[in-house]
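User: I'm new to this one, so could you walk me through it in plain words?

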Amino acid sequence: MNIVIAGGHGQIALRLSRLLAARGDTVLSIIRNPGHAEDVRDTGAGPVVCDLESATADEVADHLTGADAVVFAAGAGPGSGVARKDTVDRGAAVLAADAAERAGVRDFVQISAMGAGEPPAPGRDEVWEAYIRAKGEAEDDLRRRDALDWLILRPGRLTDDPPTGLVALAEPPIGHGAVTRDDVAAVIAALLDAGDVRRHTLDLLNGATRIEDAVAALRPAPGA
C-alpha cells in the first residue's frame, strides 16, 4: 500500500511508519518542521514538509495523489494553547479530509481521543476543554463526508510501555484506561488492511484480545 501520514513526527506516527515500512508499504509522512525529516527517514518513511496550519487543500492534495490511504495523526501537542487545539486538532483534520477528497483517496483513518465531543470531566482546564471540543468537531466533520471511507480511532491514555499485542477495541463506550503507543500503531496497521471496517468510531484500550482477533471481530460477516 501507499500510505500518507499527516503529522508524521508524532510519537504514534513514527511507530506506525516504522511498522508499515518494515512490512513493505510505501509511507510518506507530512511534517511541519524540516528538522524532523531525519527522524522520519530513520523509520523508513519519506518526509514531506508541509505546514497543515497554513497550506491549502490543493497543496495538501498534491502530496496525497496516488495514495491508497491517509492516516491523520497530527496534533498540537503538549504545551500548546487553546488556539492551536483548534487550528491543528480540528482545522488540520478538516483540511486533510478536504485534500483526500480532492486527491480521490477514499480511505481515511483519523486518530482522535477518547471522550471527544463530550463535556469534559470536572476540574479540567480550558486547554483540555478546547482539545476535546476540537477532536469532537473534527470527528463530526468526517462523519458527514460521503466521499470518504472514514474510520475514527479513539485511544485511551497513552503510555510508552512495551507493546502487549492485547487490546479492547469496540464502539464506545468501553470504559477508561491506558493503551501503549506501540499497540495503537499496530492496531492502525491492522485496520488499514481491513478495508471493510470503515464508518466506525472505535475506542481503544489495552485489554485481553489479540489485535488481529479484535480487528477480525469488527469485519462484517460474509454476505452481510
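**Starting from one arginine**

Analyst: Let me begin with Arg143, which counts as partly exposed because its relative accessibility is 30%. Please keep in mind throughout that this is a predicted model.

User: Which side chain does Arg143 meet in a salt bridge?

Analyst: Its partner is Glu139, with an N to O distance of 2.7 Å. The two residues are 4 apart in helix 5 (residues 126–143), so about one helical turn separates Arg143 and Glu139.

User: And is Glu139 buried or exposed?

Analyst: Glu139 is buried, because its relative accessible area is 1%.

User: What else is in contact with those two? I'm looking at Arg154 now.

Analyst: Arg154 is in contact with a list of residues beyond its neighbours within four places in sequence, including Glu139, Arg143, Ala116 and Thr201. Arg154 belongs to strand 6 (residues 149–155), and it counts as buried because its relative accessibility is 7%. A polar atom of the Arg154 side chain lies 3.2 Å from the backbone oxygen of Ala116.

User: How far is Arg154 from Thr201, in sequence and in space?

Analyst: They are 47 residues apart in sequence, while their C-alpha atoms are 7.4 Å apart in space.

User: Changing topic, how many salt bridges are there in the whole structure?

Analyst: The search finds 21 salt bridges. One of them joins Asp58 and Arg102, where the closest N and O atoms are 2.8 Å apart. That pair links distant parts of the chain, since Asp58 sits in helix 3 (residues 57–64) and Arg102 in helix 4 (residues 82–103), with their positions 44 residues apart. Asp58 is partly exposed because its relative accessible area is 47%, whereas Arg102 is exposed, with a relative accessible area of 53%.

User: Which residues form a network of salt bridges?

Analyst: The network links Arg15, Asp160, Arg181 and Asp182. Within the network, the side chains of Asp160 and Arg181 meet at 2.9 Å, N to O. This pair also links distant parts of the chain, with Asp160 in the loop between strand 7 (157–159) and strand 8, and Arg181 in helix 6, 21 residues apart. Arg181 is buried, because its relative accessible area is 15%.

User: What about Asp183, how far away is its nearest side chain of opposite charge?

Analyst: That side chain is Arg15, 9.5 Å away, and Asp183 is buried yet has no salt bridge. Asp183 is found in helix 6 (residues 181–193), and its side chain reaches the backbone nitrogen of Gly165 at 2.9 Å. Leaving aside neighbours within four places in sequence, the residues in contact with Asp183 include Pro163, Leu166, Val167 and Asn206.

User: Val167 is in a strand, I think. Which face of strand 8 is it on, covered or uncovered?

Analyst: In strand 8 (residues 166–170), Val167 and Leu169 make up the covered face, while Leu166, Ala168 and Ala170 make up the uncovered one. Strand 8 runs antiparallel to strand 11, joined by 2 bridges, and the bridge partner of Val167 there is Thr209. Strand 8 is also antiparallel to strand 10 (residues 200–206), with 4 bridges, and Ala168 stands opposite Leu205 in strand 10.

User: What is the order of the strands in the open sheet?

Analyst: The sheet has 9 strands in the order 3-2-1-4-5-6-10-8-11, and the pairing is mixed. Its edge strands, each pairing on one side only, are strand 3 (46–49) and strand 11 (209–210).

Conventions: Residues are numbered from 1 along each chain as its sequence is written. This is a predicted model: local features need pLDDT of at least 70, side-chain atom pairs count only at pLDDT 80 or more; totals for chains, interfaces and linings use all residues. Side-chain values use heavy atoms; hydrogens and water are left out. Buried means under 20% relative accessible area, exposed over 50%, partly exposed in between (1.4 Å probe, protein chains only). Lys and Arg count as positive and Asp and Glu as negative; His and the chain ends are not counted. A salt bridge is a side-chain nitrogen of Lys or Arg within 4 Å of a carboxyl oxygen of Asp or Glu. A polar contact is a pair of N or O atoms within 3.5 Å; within protein, one must be able to donate a hydrogen and the other to accept it, and residues adjacent in sequence count only if both atoms are side-chain atoms. Contact means heavy atoms within 4.5 Å. Two strands pair if DSSP finds at least two bridges between them.
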